[in-house]
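I am keeping a notebook on one chain, and these are my entries. I write down what I looked up and what I found.

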Amino acid sequence: MDGIRYAVFTDKSIRLLGKNQYTSNVESGSTRREIKHWVELFFGVKVIAMNSHRLRGKARRMGPIMGQTMHYRRMIITLQPGYSIPPYRKKRT
């Protein structure tokens, strides 16, 4: 799955698991159709809704030079009742 990078585990995303909604970061160039297709194909589930928002990178200083981390996109995927995604693996740094 090229477009989906890793699952997000925040207070809100854990709360959304009770509503059968899964949160993950995806590549910023991916479209909603691509993400929906990859999730349905890879996990064998039915997606009924997708919400997304773009998060800007944070400013970082490396010595005298100001830089910026990469922008990324976050998707909240809602599945049909009765479907679920197996537990995500945590991102290793």
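**Entry 1: one residue and its contacts**

Which residues does N25 touch, not counting residues up to four places away in sequence? I note first that the model is a predicted one. I looked up N25 and found that it touches I4, R5, Y6, V8, Y72, R73 and R74. N25 itself lies in strand β2. I then asked whether N25 is buried or exposed. Its relative accessibility is 3%, so N25 counts as buried, the cut-off being under 20%.

**Entry 2: the chain as a whole**

I listed the elements next. The chain has two helices and six strands. Read from the N terminus on, their order is β-α-β-α-β-β-β-β. I looked up the extent of the chain along its principal axes, and the C-alpha atoms fill a box of roughly 55 × 25 × 20 Å. Of the 93 residues in the chain, 30% are buried. I also checked contacts between residues at least 6 apart in sequence: 60% of them join residues at least 24 apart.

**Entry 3: the sheet**

In what order do the four strands of the open sheet stand? I read the order as β1-β2-β6-β3, with antiparallel pairing. The edge strands are β1, residues 4-7, and β3, residues 47-55, and each of them pairs on one side only. On average, neighbouring strands of this sheet are turned by 30 degrees against each other, direction ignored.

I looked at one pairing in detail. Strand β3 pairs with β6, residues 72-79, in the antiparallel sense, and the pairing runs over eight bridges. Here S52 stands opposite M75 of β6.

**Entry 4: the helix on the sheet**

Helix α2, residues 32-43, packs on the sheet. I noted that α2 touches β1, β2, β3 and β6. The direction of α2 makes about 130 degrees with that of β3.

I checked the span of α2 as well. The helix has twelve residues, and at 1.5 Å a residue these should span 16 Å. The end C-alpha atoms of α2 are 16 Å apart, so the two values agree. Just after α2 comes G44, which takes a positive phi of about 65 degrees.

**Entry 5: the hairpin**

How many residues lie between β4 and β5 in their hairpin? I found two. One residue in the turn, G63, has a positive phi of about 70 degrees. Strand β4 covers residues 59-62 and β5 covers residues 65-68; they run antiparallel and are joined by four bridges. I noted R60 opposite G67 of β5.

**Entry 6: the nonpolar core**

I looked up the largest nonpolar core, and it has twelve residues. Its members are I4, Y22, V26, I35, V39, V45, V47, M50, M75, I77, L79 and I85. Which elements give two or more residues to this core? They are β2, α2, β3 and β6. The largest share, three residues, comes from β6. I add that M75, which stands opposite S52, is one of the core residues.

**Entry 7: the aromatic rings**

I searched the whole structure for aromatic pairs, and the search finds one. The pair is F42 with F43, edge-to-face, with 4.9 Å centre to centre and 85 degrees between the planes. I then looked up how accessible each partner is. F42 has 56% relative accessibility and therefore counts as exposed. F43 has 23%, so it counts as partly exposed.

**Entry 8: N20 and S84**

N20 lies in the loop between α1, residues 11-16, and β2. N20 is buried, with a relative accessible area of 14%. I also noted its phi, which is positive at about 65 degrees although N20 is not a glycine. Most residues other than glycine have a negative phi.

What is S84 in contact with, leaving aside its neighbours within four places in sequence? The list is N20, Y22, V45 and L79. S84 lies in the segment after β6. Of its contacts, Y22, V45 and L79 are also in the list of core residues. Last, I looked up S84 and I4, which are 80 residues apart along the chain; their C-alpha atoms are separated by 17 Å.

Terms used
Residues are numbered from 1 along each chain as its sequence is written. This is a predicted model: local features need pLDDT of at least 70, side-chain atom pairs count only at pLDDT 80 or more; totals for chains, interfaces and linings use all residues. Side-chain values use heavy atoms; hydrogens and water are left out. Two strands pair if DSSP finds at least two bridges between them. Axes are lines fitted to C-alpha atoms, for helices over the stretch in contact, and angles run from 0 to 180 degrees between N-to-C directions. Contact means heavy atoms within 4.5 Å. The expected span of a helix is 1.5 Å times one less than its number of residues. Rings of Phe, Tyr and Trp (its six-membered ring) pair if their centres lie within 6.5 Å; planes under 30 degrees apart count as stacked, over 60 as edge-to-face and the rest as tilted. Buried means under 20% relative accessible area, exposed over 50%, partly exposed in between (1.4 Å probe, protein chains only). A nonpolar core is a set of buried Ala, Val, Leu, Ile, Met, Phe, Trp, Tyr and Cys residues joined through side-chain atoms within 4.5 Å.
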